[in-house]
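Q: Please take a close look at one part of this model, the pairing of strands, and then follow the description outward to the packing around it. A connected account would suit me better than a list.

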Amino acid sequence: MIGERKALRKRIVISNTNALEVQGLRDLNVKNMVDETQIGQMLALNEELLDHLRDVRAFKPTQNWNMFRKPSTLMRRESVEMGRTILDVSAGQAEERPRTVRRIIAGERGTGKSLMLLQAMSMAFLNDWVVINVPEGQEYTIAHSAYAPMTINSARQLSPDQAAQTASKQSQGSQEMIYNQPTLTAELLQRISKSNENVLKRIPLAHEYKFGDYEPKNLYSLAVVGVEETSLSWKVWQTLWEELTSPSERRRPPVLVAIDGIDHWMTLSKYRSADYKPIHAHQLAPIRHFVEMLFNQNGAGQLANGGIVLAATTGSNAPSVPAFELLLKQLDARARGLKMGDNEFPMPQPYKTVDQRVLNLLEGSAELNVQRLKGLEKDVEAKGLLEYFARSGVFREVVSERTVAEKWSLAGGGVIGELARFGSRLRV
Amino acid sequence: MVFLFSVNFPERRMVKKALQSFFGIGPNVSARLLAKHHLHDTCRVGELANTQILEINATLTEMKIENDLRRQVLGNIARLRDTGTFRGKRHAMGLPVRGQRTKNQTITAWKLNKIDRKL
């Protein structure tokens, strides 16, 4: 059967009845997501939230959801801080002072970047935001999905003669070729429409649109047009984004944009142009749109109804992109107060070519922070995690100060992925 | 079932694989063909639009592949023989052409170096 093995490989098992039920496990809700006393506690995700997260592809097959009875996440200091940011942005939208928070979440492998995105998405769903998720940045650059050239100013697809004309213009160096990715955009719209169905159905459109035979009435039906007609998906996405970020009298909810694996977007993609030159990721329209949003190029990062743009790097699947590493260092330096001309400001090595497109992103991104995730804190967070594992019957040792300290050190200073591995190790 | 260059391919076949089944198209040429028509690496033959199929067929008919190419190669070998060159004589005798040793390891030459080589 076609696709059977793939479905088996990519399946997400959320619950395991062999695990013990943990008594006293509370659900994540609007109150305890900002409660500092909950740091070190595991909070469960309720059924409704699970449906949203599944539809938006927040879970990954390599995560260990299939070892516990009820899916839950650990509240870290960073999680509570994220909760506070979300409530602040919500309040800002209600009080007509929209605030956009843009952040890159970086860190070593296993430090919990993807789960930080999942927690942010959960909290956003709880607050009735619109959540847009790109679960694998890699999908956009490995050339496994359709692409087509389009001119930089227009959203319409080109016919072959027009494509040839713009190709010749491009080879003369006067215009950069941007490429559309209709199937991936349609999948994105499918995720958005399915997971945010209730919220989007309640939002009417500010203007009237007509796409062929379709006359959408609200944001949900607008997104569905792009799902059903792949050729219209990019236009629909642009319209949807304009609608979501248009300041209107009818209140639009804030938007959370979560991108996982942004390293793949900072280098050449596997696509080739018509004259067989590699296409840079920034020439792909969806990637360009998100990158301009994250780095606030041409003001694209200011969301009129408020919102948060989060991008996580990958630890285990990262391509080597020196320009992006340098960019992160430059963002760190700027956060510490250094400026471009200072002695200690990280600059590219002389006599080495660096990707200028990536370094140019530094200019507009004034409020972009890089949050570097480190290991868990030993006495509260790591202990809480191991206690949960022990209560579920997965961790077989006694959770004492000694064992917690031992596992914490072995996990490289409490790196949560490694700690989870030690917590679920089979003792023979 | 889609017709590329008058050969029928099942819809699940990848375009890259289908193109490489022609004599004269290998991984390099097929990659360039895909790039020229803006097709991604894992595009299936069933996913091609009619206009794209027509364009690919047009490009294939312009290229020298299959029988045209075979004729060219055999013509080259025949020309070498007809002009009485050393290489032509080696082809006729079924011996190595490119200056290899003839004491041992001449099996491939004996099998392949012919005037009427089967391609």
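A: Two strands are taken as paired if DSSP finds at least two bridges between them, and strands (E, at least two residues) and helices (H or I, at least four residues) are themselves DSSP runs, numbered from the N terminus. The model is predicted, so local features need pLDDT of at least 70 and side-chain atom pairs count only at pLDDT 80 or more, while totals for chains, interfaces and linings use all residues; side-chain values rest on heavy atoms, with hydrogens and water left out. Residues are numbered from 1 along each chain as its sequence is written, with chains lettered from A and ligands numbered from 1 in the order in which they are written.

By that criterion, three bridges join strand S2 (residues 42–44) of chain A to S3(A), and the two strands run antiparallel. One pair in this ladder is Met42(A) with Leu74(A), its bridge partner in S3(A). These strands belong to an open sheet of three strands in chain A, ordered S1-S2-S3, in which the pairing is mixed. Its edges are strand S1 (26–27) and strand S3 (72–74) of chain A, each of which pairs on one side only. Helix H13 (residues 378–391) of chain A packs on this sheet, where H13 touches S2 and S3 of chain A (contact meaning heavy atoms within 4.5 Å), and the direction of H13 makes about 155° with that of S3(A); such angles run from 0 to 180 degrees between N-to-C directions, with axes fitted to C-alpha atoms, for helices over the stretch in contact.

Strands of a sheet pair through backbone hydrogen bonds, either parallel or antiparallel. The parallel kind appears in another sheet of chain A, an open one of five strands in the order S5-S8-S11-S4-S12. Strand S5 (130–134) and strand S12 (368–373) of chain A stand at its edges with a single partner strand each, so one side of each has no neighbour in the sheet. From one strand to the next, the twist averages 15°. Strand S4 (residues 100–107) of chain A is joined to S12(A) by six bridges and runs parallel to it, with Ala106(A) standing opposite Arg372(A) of S12(A).

Helices lie against this sheet as well. Helix H10 (residues 285–294) of chain A packs on it, touching S4, S5, strand S8 (255–260), strand S11 (307–312) and S12 of chain A, at about 105° to the direction of S4(A). Helix H11 (residues 322–335) of chain A lies across S4 and S12 of chain A and runs at about 105° to S12(A).

Chain A also holds a helix pair. Helix H2 (residues 47–55) of chain A and helix H4 (residues 113–126) of chain A pack at an angle of about 120° with their axes 10 Å apart. That angle makes H2(A) oblique to H4(A), given that under 35 degrees counts as roughly parallel, over 145 as roughly antiparallel, 65 to 115 as roughly perpendicular and the rest as oblique. In this contact Leu49(A), His52(A) and Leu53(A) of H2(A) meet Leu118(A), Met121(A), Ser122(A), Phe125(A) and Leu126(A) of H4(A). The contact residues of H2(A) and H4(A) divide into six nonpolar, two polar and no charged, where Ala, Val, Leu, Ile, Met, Phe, Trp, Tyr, Cys and Pro count as nonpolar, Asp, Glu, Lys and Arg as charged, and the others, Gly among them, as polar.

Ser114(A) is likewise found in helix H4 of chain A. Leaving aside residues up to four places away in sequence, Ser114(A) touches Lys60(A), Gln63(A) and Asp260(A). The C-alpha atoms of Ser114(A) and Arg97(A), 17 residues apart along the chain, are separated by 29 Å.

Beyond chain A itself, 15 of its residues are in contact with twelve residues of chain B. The area buried between the two chains is about 1100 Å², with carbon and sulfur atoms giving 61%; buried area is the accessible area (1.4 Å probe) that two parts lose on being put together, summed over both. On the chain A side, Tyr147(A), Ala274(A) and Tyr276(A) lose the most area to chain B, together 47% of what that side buries. Tyr276(A) sits in the loop between strand S9 (268–272) and strand S10 (278–280) of chain A, and has a positive phi of about 60° although it is not a glycine.
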